[in-house]
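Please take a moment to look over the sequence and the model before reading on. The paragraphs below are meant to be read with both in view.

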Amino acid sequence: MYLGRILAVGMNCDKKPFVAYRVSSRHFPNRQAKVNGKEAAIIPRPGFETDIFKNTYIAYNCIRIVDDLAIVSNGSQTDVIADKLAMGMNIKDALAYSLLTMDYEKDDYHTPRIAGVVSSNTNEEEYEAYVGIVTDSKIIVEKLDYGQAVYISVYEHQEPHTIEYNASSSEEIAQYIFNQGEFADFEHPVTSVGSVYDGDWNTSAIVPDFNE
């Protein structure tokens, strides 16, 4: 099954807040996740930089950290959500505002925008996690339960799917969404990235060998 871009958010099997993101692509597979400190972006692989002139949606920040919050998304809405959170907007409103105003991507496939935000505060009363999607026909922003993890994708699985996220470190979290568990059945993985809170946000990427 082809889901396109996929993100996961919530708490992993160790009750640690995390976010994860995977690029799956049939048309633009020459991309990589690049980590810069706690944050990450999707960019073309060396030698394929001109792909951004063919499709402006293929390069973007996919993970941003704002104070104790981790933001994950499949496009430039990552930065809009981060900016709204930095201004003091609450998570639900920042997600809803950003998805509503940016709308789905205006490509040939009307690609949905997906996004999630999770706080690092593991106190059950103060912990927050949300996931959202905007398509050409709907917008959803859903709050997660404490301890819950979900994934959502741009195609097929456009509703949050609850999962057991059996990965601990940032490297394991990135690898899990790339090709393990439920995600092993989803086609055309290209690159992935994961971030977990373990006293601080730690982020890692999976970038398979170009010739694999």
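What follows goes through helices, strands, loops and a pocket in turn.

This is a predicted model, in which local features need pLDDT of at least 70 and side-chain atom pairs count only at pLDDT 80 or more, while totals for chains, interfaces and linings use all residues. Residues are numbered from 1 along each chain as its sequence is written, and side-chain values use heavy atoms, with hydrogens and water left out.

A good place to begin is helix H3, which runs over residues 91–102; here helices (H or I, at least four residues) and strands (E, at least two) are DSSP runs, numbered from the N terminus. H3 has 12 residues and reaches 16 Å from its first C-alpha to its last, close to the 16 Å expected at 1.5 Å a residue, the expected span being 1.5 Å times one less than the number of residues. Its buried residues are Ile91, Ala94, Leu95, Ser98 and Leu99, where buried means under 20% relative accessible area, exposed over 50%, and partly exposed in between, with a 1.4 Å probe and protein chains only. These residues lie on the same side of H3, because they cover an arc of only 115° around the axis, taken from the directions from the helix axis to the C-beta atoms. An α-helix has 3.6 residues a turn, so residues three or four places apart point the same way. Among the elements that cover the buried residues of H3 are helix H2 (77–86), strand E7 (113–119) and strand E8 (129–134), contact meaning heavy atoms within 4.5 Å.

Also in helix H3 is Lys92, which counts as partly exposed at 43% relative accessibility. Not counting residues up to four places away in sequence, Lys92 touches Tyr130 and Val141; Lys92 and Tyr130 are 38 residues apart in sequence, yet 6.9 Å apart in space from C-alpha to C-alpha.

Helix H4, residues 170–179, has its own buried residues, including Ile173, Ala174 and Ile177, and what covers the buried residues of H4 includes strand E1 (6–11), strand E2 (17–24), strand E12 (189–197) and strand E13 (201–206). Just after H4, Gly181 takes a positive phi of about 55°.

Two residues that are not glycines also have a positive phi. His110, with a phi of about 50°, lies in the loop between H3 and E7 and counts as partly exposed at 34% relative accessibility, whereas Glu156, with a phi of about 65°, is found in the loop between strand E10 (149–153) and strand E11 (161–163) and counts as exposed at 59%.

Turning to the strands, Ile42 in strand E4 (residues 39–44) is buried at 1% relative accessibility, and, apart from neighbours within four places in sequence, Ile42 is in contact with residues that include Tyr21, Val23, Ile58 and Thr191. Ser119, found in strand E7, is buried with a relative accessible area of 3%, and its contacts beyond four places in sequence include Pro17, Leu69, Tyr127 and Trp201.

Last comes the largest pocket, which holds about 280 Å³ of space. Of the 18 residues that line the largest pocket, the closest to its centre are Arg5, Phe28, Asn55, Asp107 and Tyr109. By class, the lining has seven nonpolar, five polar and six charged residues. On a 1 Å grid over the protein atoms alone, a pocket is an open set of points where a 1.4 Å probe fits, with protein on both sides within 12 Å along at least five of seven lines, and lining residues have an atom within 4 Å of a point.

Conventions:
Grid points are joined across faces, edges and corners, and a volume is the space filled by probe spheres set on the points. Ala, Val, Leu, Ile, Met, Phe, Trp, Tyr, Cys and Pro count as nonpolar, Asp, Glu, Lys and Arg as charged, and the others, Gly among them, as polar.
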